[in-house]
Each structure stands twice: as C-alpha cells, then as structure tokens.
Amino acid sequence: MNLRDVYIDEVTSRIPESMRQDVALELESTIDDMTGNDSSEAALFEALRQLGDPQILAARYANRPLYLIGPALFTQYVNIIKIVLPIAVTVVTILSIIGYLTNPIDDTSWSQFLIQAFLQTGAAIFNVVVQTLFWITLTFFIIERAVPEGEVPFSSWKPEQLKKVKPRSTSIYFGSILFDFIATVLMVVLYVNAEQLIRVVTDSGSYPLLNASVLDQFFPFVIALAAFGIAIAIYKWMVRHWTKPLALWNALFNIVWIVVTALIMLQPDLISTEALPLIAEQINADLETISRWGVWSVLLTIIIVCILDLAEGLIKAFRR
C-alpha cells in the first residue's frame with residue numbers, strides 16, 4: 001500500500017462506513033489533481049501536507065467536533081460553572097466546618113486541630129470541584145453532539161436585556177458573599193460550642209476560656225443576628241449588585257453586629273476565672289492587662305471589618 005492509500009485509509013477508517021467509498025474516491029481524485037503529472041514522493045508529501053492531519057480531515061467529513069465543548073455552547077458552559085460551582089463549594093465548605101467543629105477536640109493541640117480541619121475541608125472542596133466540573137462537562141458534551149447543527153441551546157438573548165444590565169462598579173463579588181456565609185456559620189458554631197472549642201490547654205488539663213453562662217444570655221441575639229446576616233447574603237447573591245436599600249440594610253446589619261459584639265465582649269465576667277490565671281502565668285502578665293488587651297483587640301478587629309463592609313456598600317450604591 002503506497003502512502004496515498006495509507007493516508008486515505010487513515011481518513012476513511014474514522015468516518016461512518018456509509019461514507020467511506022465516496023470519500024475515498026474524492027480523496028484519490030483530489031490528491032491526483034494536486035500532484036498532477038509529478039509522481040515523485042516529494043510532490044505526494046506536499047499534497048498530503050496541504051490536506052492536513054487525517055484525523056482532522058475525517059472529523060470534517062463526519063461533521064464531528066474535535067473538542068469537548070464547542071464555541072456555540074462554551075459561553076453557556078462557563079456561565080453554568082460560575083453559578084453551580086460556587087454554590088457547591090459554599091455548601092460543602094459550611095458542612096465540613098460544621099461537621100469538624102462539632103466533633104470533640106479531645107487532647108489535640110489547636111495547631112493540630114486547625115491543620116486537620118484545613119486538610120479535611122480542602123479535600124472535601126477538591127472532591128466537589130472535580131465532581132461538579134465532570135458532570136457539567138459531561139452534560140454539555142452530550143448536548144453538543146445531540147443538538148442538530150446550527151441550533152444553539154439555551155440561547156435566548158435579546159437586545160432588550162441590555163436595559164437590565166447594571167454598572168460593573170456596583171457589582172458584588174461572589175468571594176465577598178461566600179465570606180459572609182462562612183463567617184456567619186462559623187461564628188454561630190463557635191458561639192454555640194465555645195465551651196468545647198475555645199479552651200486553654202495546659203499540662204494539667206484544658207479549661208474553657210469563656211464563661212458559658214454569659215454567652216447563654218446573648219444566645220437569642222446572636223441567632224437573630226446570624227439569620228439577619230444570612231438573609232442579606234442571600235439577597236446579595238440574588239441581585240449581585242449594590243442598591244441603596246441593600247446598602248442601608250447591610251449598614252444596619254454591621255452596626256447591630258458591632259453593638260451586640262461590644263455588649264458581649266465588655267461583660268466583666270466573660271473570661272473564665274479558671275482560664276485567665278493560667279494565661280497570665282504562661283505569658284507573665286497581670287490579669288487586668290490580658291483581659292483588657294484581649295477583649296479590645298478582638299472588638300477592634302470586628303469593628304474595622306464591619307466598617308469596611310459597611311463603607312463598601314454605601315459608597316458603591318450612593319456614588320452613582
């Protein structure tokens with residue numbers, strides 16, 4: 001079998017059997033026309049080089065794409081990933097954090113606890129990312145090959161939709177929404193399990209850092225505040241841009257967050273009487289200094305974070 005026949009066989013073996021004879025005859029004629037009266041190997045090589053890779057040529061004859069997701073569906077494919085993947089990652093992250101924090105710490109150190117939590121959450125996120133991408137890609141792969149040529153599924157764009165487009169300067173990034181969700185859930189989990197999770201560990205044992213009776217007094221306010229925060233985060237995800245009402249509600253939420261946190265942190269008996277002397281002994285400082293600096297450091301950090309979030313919403317919503 002000469003090189004011309006080998007090339008033709010490489011093409012026809014990759015197309016439906018009903019087409020092979022016609023394609024083979026067409027390719028024989030085409031190659032003969034391209035080489036003319038020159039029967040040299042160089043002329044044949046030049047003709048085959050112009051015809052190109054037999055796999056690509058076969059795909060053209062069979063009208064079969066050589067890509068998983070083609071141009072007609074690629075935009076919709078990416079948009080679906082942008083919607084589904086963040087939701088899946090958010091859900092699995094929250095569930096992993098809750099599941100890990102609600103387990104007893106036993107005698108492991110905080111560093112080991114955090115490393116194990118990070119690895120477990122990271123593994124869960126990796127798994128859900130792989131699974132999500134696989135199933136979305138498989139779905140679009142099937143659609144790509146099932147839809148008749150020329151038709152574009154999911155395409156319903158109309159010029160009138162431009163009227164609903166909001167300025168990019170008012171956009172709310174999904175990372176910010178994800179942070180709000182995780183921070184709120186983590187706050188509630190830590191608050192509810194503070195006696196087990198926030199402890200001072202010494203050679204003689206571990207002791208709760210915070211007074212559970214004080215935290216119980218503010219529990220209804222914390223739950224109400226968490227529900228308020230989750231509702232705002234959901235609304236942010238739905239609208240995806242700052243509006244004046246949303247910015248005002250977000251500002252109110254941050255102000256209430258600061259007030260509730262201040263009321264809790266400034267309780268005189270918030271720090272456990274068992275844990276405070278142990279901390280003072282370890283860092284060689286008096287009890288009053290530790291209590292004052294610890295409480296105000298946490299409170300100041302929360303105030304700064306809330307003010308930044310509050311200011312972002314107000315600036316983006318009202319500067320137009």
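## Phenylalanine 253 and its ring partners

In this predicted model, phenylalanine 253 is buried, with a relative accessible area of 10% (buried means under 20% relative accessible area, exposed over 50%, and partly exposed in between, with a 1.4 Å probe and protein chains only). The rings of phenylalanine 253 and tryptophan 257 have their centres 5.7 Å apart and their planes at 65°, so this pair is edge-to-face (rings of Phe, Tyr and Trp, the last by its six-membered ring, pair if their centres lie within 6.5 Å, and planes under 30 degrees apart count as stacked, over 60 as edge-to-face and the rest as tilted). Both residues lie in helix 11, 4 residues apart, about one turn of the helix, and tryptophan 257 also counts as buried, at 15% relative accessibility.

## Aromatic pairs and the cluster

The count by this rule comes to 6 aromatic pairs. In one of them, phenylalanine 228 and phenylalanine 253 have ring centres 5.6 Å apart and planes at 90°, so the pair is edge-to-face. This pair links distant parts of the chain, with phenylalanine 228 in helix 10 (residues 219–239) and phenylalanine 253 in helix 11, 25 residues apart. Phenylalanine 228 is partly exposed, with a relative accessible area of 22%. Ring pairs link Phe228, Trp249, Phe253 and Trp257 into a cluster.

## Confidence and conventions

The protein chain averages a pLDDT of 78, and 76% of the residues score at least 70, pLDDT being the predictor's confidence in each residue, from 0 to 100. Among the elements of the chain, helix 11 (residues 244–265) has the highest mean pLDDT (90) and helix 12 (residues 275–283) the lowest (62); helices (H or I, at least four residues) and strands (E, at least two) are DSSP runs, numbered from the N terminus.

Residues are numbered from 1 along each chain as its sequence is written, and side-chain values use heavy atoms, with hydrogens and water left out. As this is a predicted model, local features need pLDDT of at least 70 and side-chain atom pairs count only at pLDDT 80 or more, whereas totals for chains, interfaces and linings use all residues.
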